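Visitor: I would like a close look at one part of this structure, namely how its helices pack against one another and what lies between them. Could you take me through it slowly, one contact after another?

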Amino acid sequence: MEREVVEYADRLARQYYDPETFAHALRVADYVREQPLIDDAMRDDCIALALMHDLWEDTDCPRGILADRAHLRACLLLLTRSGGIPYMTYIRNIRAHAADMPEACWVKLADMKDHLALTETLTDRLKEKYLQALPCLL
């Protein structure tokens, strides 16, 4: 049953992301999949969120997705940064919801890990941004 949400997320990611963003989402999903600290009961939701984490921020994917999965939808909304919100405010908001939406924290940590690992495209400014935010989520 839960595996269905991962398959759904994969279909959406393939449909809406460009190849580079899709590759990023797959790496984030792999980081989540391999994280031993994530409870098995929430692992599939974390993987699905990892695959979808940039959908509403970077594509024209409709906001009506996940209507039947309120918690997952709320996590995706939490992971979607609105243009006018400062990055650290966004990160603090994810942290503030860690108790009731830990999936969003796990996915954001995996997202930052992937960005930091891409040293060929990592600028000093981006590195500083992620390294400043990382302790807030740990």
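Guide: In this predicted model, helices α6 and α8 pack with their axes 9 Å apart and at an angle of about 20 degrees. An angle under 35 degrees counts as roughly parallel, and α6 and α8 are therefore roughly parallel to each other. The crossing in which α6 passes α8 is right-handed. On the α6 side the residues that meet the partner helix are Y87, M88, I91, R92, I94 and R95, and on the α8 side they are K129, Y130, Q132, A133, C136 and L137. Sorted by class, this contact of α6 with α8 holds eight nonpolar residues, one polar residue and three charged ones.

One of the α8 residues in that contact, K129, deserves a separate look. K129 has a relative accessibility of 23% and therefore counts as partly exposed, since buried would require a value under 20%. Between the C-alpha atoms of K129 and Y87 the distance is 8.1 Å, although 42 residues separate the two in sequence.

A second helix pair can be set beside this one. Helix α1, which spans residues 3–16, and helix α2, which spans residues 19–34, have axes that come within 10 Å and cross at roughly 160 degrees. Angles over 145 degrees count as roughly antiparallel, and α1 and α2 are therefore roughly antiparallel to each other. Here too the crossing is described by its hand, and α1 passes α2 in a right-handed one. The residues that make the contact are R3, D10, A13 and R14 from α1, together with F22, L26 and R33 from α2. By class, the contact of α1 with α2 is made up of three nonpolar and four charged residues, with no polar residue.

Staying with α1, helix α1 also holds A9, and this alanine counts as buried because its relative accessibility is 0%. If neighbours up to four places away in sequence are left aside, A9 touches A48, L51 and M52. With A48 the C-alpha to C-alpha separation is 5.2 Å, while the two residues stand 39 residues apart along the chain.

From these contacts one can turn to the nonpolar core. In soluble globular proteins, nonpolar side chains tend to be buried together. The largest nonpolar core in this model has 47 residues, and those with the most contacts inside it are V32, M52, L55, I65 and I94. Two or more residues come to this core from each of α1, α2, α3 (40–52), α4 (55–58), α5 (70–79), α6 (87–96), α7 (102–117) and α8 (124–137). Among these contributors α3 gives the most, with eight residues.

I65, one of the core residues just named, shows in detail what such a position touches. Not counting residues up to four places away in sequence, I65 is in contact with Y8, L12, M52, L55, W56, R73 and L76.

The next residue to consider is L66, which is found in the loop between α4 and α5. L66 has a positive phi of about 65 degrees although it is not a glycine. With a relative accessible area of 3%, L66 is buried, because the cut-off for that term is a value under 20%.

Terms used: Residues numbered from 1 in each chain as written. Predicted model: local features only at pLDDT ≥ 70, side-chain atom pairs only at ≥ 80, totals over all residues. Heavy atoms only, no water. Axes fitted to C-alpha atoms, helices over the stretch in contact; angles between N-to-C directions. Helix = DSSP H or I, 4+ residues; strand = E, 2+ residues; numbered from the N terminus. Parallel < 35°, antiparallel > 145°, perpendicular 65-115°, else oblique. Left-handed = near helix turned anticlockwise from the far one by under 90°. Contact = heavy atoms within 4.5 Å. Nonpolar A, V, L, I, M, F, W, Y, C, P; charged D, E, K, R; others polar. Core = buried A, V, L, I, M, F, W, Y, C linked by side-chain atoms within 4.5 Å. Buried < 20%, exposed > 50% of the residue type's maximum accessible area, 1.4 Å probe, protein only.
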